[in-house]
There are 2 protein chains.
Amino acid sequence: MTAFKQLDTPLVLIDLDKVESNLKAAQDAADRAGIALRPHIKTHKLPRFAHRQVALGAVGITVQKLGEAEVMADAGLDDLLLTFNIVGEKKRARLKALHDRVTIRVVADSAETVAGLAETFADPHRPLGVFVECDTGMGRCGVQSGNEALALARLIGTAPGLAFAGLMTYPAAKKYREAAKWLSDAKALFDQASIPVPVITTGGTPDIWHMSEAGIATEYRPGTYIYMDRSQVAAGAATFEQCALTVLATVVSRPTEGRAIIDAGSKTLTSDLLGLEGYGHVLDYPEAKIVGLSEEHGTLDVSGCRDKPKVGDVVRIVPNHCCPVSNLFDTVTLVRGDEVVEVVEVAARGRVD
Amino acid sequence: MTAFKQLDTPLVLIDLDKVESNLKAAQDAADRAGIALRPHIKTHKLPRFAHRQVALGAVGITVQKLGEAEVMADAGLDDLLLTFNIVGEKKRARLKALHDRVTIRVVADSAETVAGLAETFADPHRPLGVFVECDTGMGRCGVQSGNEALALARLIGTAPGLAFAGLMTYPAAKKYREAAKWLSDAKALFDQASIPVPVITTGGTPDIWHMSEAGIATEYRPGTYIYMDRSQVAAGAATFEQCALTVLATVVSRPTEGRAIIDAGSKTLTSDLLGLEGYGHVLDYPEAKIVGLSEEHGTLDVSGCRDKPKVGDVVRIVPNHCCPVSNLFDTVTLVRGDEVVEVVEVAARGRVD
């Protein structure tokens, strides 16, 4: 890791070759499966990568918050799916302003959300596309049954300024078969009622290589796949060699034979465990365990390492969850292998509203 | 919570009256205990509050990273303790630039860190003050024994451009008695060796109301006390009424009778559990449990609530850990009770290097 010795740690490195390879692999898989790809930009928050995803064949992008949509629209992305229930006058006004300049569609899972949207969007010549969000097993947002989905789609259909866009779900990891069945059963109800379902959109990087088994879904929205991370390696969706985002950190203390302290804590790696043990994978010392994090310190158990890190050594870590990591940094450092290419601002960082 | 209905969620509210009351209570306790207060600004990252802490009687401030020190020095704070092992040429050059314009002292727990500092700081007329960091039970950085502390202090003493400043520890929560004994035993060794220990500095909000039992410590460095949070309430150091930082969030979905989804997830509340169950305390619905977080969604179990929140309702949450929450937001909204006073930039946000 001496190649990056001159950099001030902690910082986030993004390997451009790995990004390109990850993007292409997913687009290829989508093409083979005959499914449209609509990548989620919450992971990278960088317009340049969103443009690259579209250039490679994505039909548009997915965003999670209005703030992300605004940044991406400003950067010239013009086909956005906002997979969030937009509630409240202020937010609807921002959505309206976006709808006036780009193609943006949203989701709803309740009559309240639909009623709010119907209040703000009233132009039958330029209706807002609204998907019905379906809870196919994740236990988060979403209508609970196909009948509820149908009822909500009908409600959307009664609003002159809204148009039913289809069904949207974020399935629980490894539950893509259950999600496919849920959507298929729901679609049957729509068919019986002669209500067209223009798009059925699903997602999730953990099951990205099962896109062809996504049943009747017509669109897939993966996010993490651009960078990959330790949780995706654990899920079998990637190898550590494919992980494009790494955290560069310095060993600042070796208080005991078995302990090393690095200058990356929860304000760098986040406390996300995602069911894993430890807070990341140290590429240079794979036997090391990141056993604890304070805000600015990471505590490593290095007792299992044959060669142990020394004070001043620089290490590279694959975090458990890459998405919130890039959200903590104002900039990321783009590299190709051992060469620094450019430092770029994370344009949509912190746009949580 | 209708008072804040017009605000766009999620956002961070800081109640100025509670801040003032928390700051005064700690300064009063320090004065009564005859111990100097050196608040840690990692919690608020706001120069205005640092200045207020000094105006109320603090001897200076504590920072955790060089980036925080730079922001605070730029804002006119001129007595800083940087409680981190500064390692690497680039970081030492930044430390030197700070030392040239303000009073800044650092810590070291190894011969390597001291050797690096001795290389950069060589002026005997303006030596850099260096504390020996002691591991009194936290299991993070720090020398492991009084004898190691003495040896490292001697090493610091041999460097013309360094001056031994004293002993520093961050004790484990609720282990202040063990920490006091550790420091007392170490001090005895220094006394035997006739090496003066100018300052003995300890800290931690969980035990802030035991400052008078901090033994031979001459200085206390609390951070969280300015805002307080759910973990401090659990530790018995505060009540929910004293918590100055709250997260304002909107209920965006009520998919089932027992479930509510808010627009604040791990990118707002963080995944910090700190040994607690759930990810925060909902002030308006104290029986609600924040059982899960995705990046932008919070999942509440509201089955225990008599009155249940509706889609569009705005709620206020005391997070488990306030420090990383204010680090996620570009701005915080200062309020007094129900009145918005000002929106301010979190100046040292994300300064992790």
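The legends below describe close-up views of a predicted model.

**View 1. The interface between chain B and chain A of the predicted model.**
On this interface, 58 residues of chain B are in contact with 58 residues of chain A, and the two chains bury about 4600 Å² between them, with 51% of that area on carbon and sulfur atoms. Within chain B, the residues that lose the most area to chain A are Asp8(B), Arg140(B) and Lys267(B), which together account for 13% of what that side buries. The size of an interface is often given as the accessible area lost when the parts come together.

**View 2. Salt bridges and polar contacts between chain B and chain A.**
Between chain B and chain A the count is 12 salt bridges, and one of the pairs that meet in a salt bridge is Lys91(A) with Asp8(B), at 2.5 Å from N to O. Across the interface, 32 residue pairs are found in polar contact, with both residues of a pair at pLDDT 80 or more. On the side of chain B that touches chain A, at least two residues each are supplied by the strands β4 (79-85), β10 (245-256) and β11 (259-262), and by the helices α4 (89-99), α5 (111-120), α9 (266-269) and α10 (322-326). It is β10(B) that gives the most to this side, with 6 residues. By class, the residues of the side of chain B that touches chain A divide into 15 nonpolar, 22 polar and 21 charged.

**View 3. The buried side of helix α2 in chain A.**
Helix α2 of chain A spans residues 47-55, and in this helix Pro47(A), Phe49(A), Ala50(A) and Gln53(A) are buried. These residues lie on the same side of α2(A) because they cover an arc of only 165° around the axis. An α-helix has 3.6 residues a turn, so residues three or four places apart point the same way. The elements of chain A against which the buried residues of α2(A) pack are β1 (11-15), α1 (16-33), β3 (61-63), α3 (66-74) and β16 (331-336). Following α2(A) is Gly57(A), which has a positive phi, near 130°.

**View 4. Thr299(B) and its contacts in both chains.**
Thr299(B) is found in strand β14 of chain B, which runs over residues 298-301, and Thr299(B) is buried, with a relative accessible area of 12%. When neighbours within four places in sequence are left aside, Thr299(B) is in contact with Gly139(A) and Arg140(A) of chain A, and with Arg259(B), Ala260(B), Ile261(B), Lys289(B), Ile290(B), Val291(B) and Gly292(B) of chain B.

**View 5. Salt bridges at helix α4 of chain A, with Arg92(A) and Glu119(A).**
Over all chains the count comes to 52 salt bridges, and among the pairs is that of Arg92(A) with Glu119(A), whose closest N and O atoms are 3.9 Å apart. Arg92(A) lies in helix α4 (residues 89-99) and Glu119(A) in helix α5 (residues 111-120) of chain A, so this pair ties together parts that are 27 residues apart in sequence. Arg92(A) is buried, with a relative accessible area of 9%, whereas Glu119(A) is exposed, with a relative accessible area of 60%. A further salt bridge is formed by Asp100(A) with Lys96(A), the closest N and O atoms being 3.5 Å apart; Lys96(A), at 29% relative accessibility, counts as partly exposed.

**View 6. The salt bridge of Glu295(A) and Lys267(A).**
The side chains of Glu295(A) and Lys267(A) meet in a salt bridge at 2.7 Å, N to O. Glu295(A) lies in the loop between β13 (289-293) and β14 (298-301) of chain A and Lys267(A) in helix α9 (residues 266-269) of chain A, so the pair ties together parts that are 28 residues apart in sequence. Glu295(A) is buried, with a relative accessible area of 9%, and Lys267(A) is buried, with a relative accessible area of 1%. Elsewhere, salt bridges that share partners join Asp8(A), Glu70(B), Lys91(B), Arg94(B), Arg351(B) and Asp353(B) into one network.

**View 7. Val302(A) in the loop between β14 and β15 of chain A.**
Val302(A) lies in the loop between β14 and β15 (314-319) of chain A and counts as buried, at 0% relative accessibility. Leaving aside neighbours within four places in sequence, Val302(A) is in contact with Arg254(A), Glu257(A), Gly258(A), Arg259(A), Ala260(A), Ala288(A), Lys308(A) and Pro309(A). Val302(A) and Ile262(A) are 40 residues apart in sequence and 12 Å apart in space, C-alpha to C-alpha.

Definitions and conventions. Residues numbered from 1 in each chain as written. Chains lettered and ligands numbered in written order. Predicted model: local features only at pLDDT ≥ 70, side-chain atom pairs only at ≥ 80, totals over all residues. Heavy atoms only, no water. Contact = heavy atoms within 4.5 Å. Buried area = accessible area lost by both parts, 1.4 Å probe. Salt bridge = Lys/Arg side-chain N within 4 Å of Asp/Glu carboxyl O. Polar contact = N/O pair within 3.5 Å; in protein donor to acceptor, adjacent residues only side chain to side chain. Helix = DSSP H or I, 4+ residues; strand = E, 2+ residues; numbered from the N terminus. Nonpolar A, V, L, I, M, F, W, Y, C, P; charged D, E, K, R; others polar. Buried < 20%, exposed > 50% of the residue type's maximum accessible area, 1.4 Å probe, protein only. Arc of directions from axis to C-beta.
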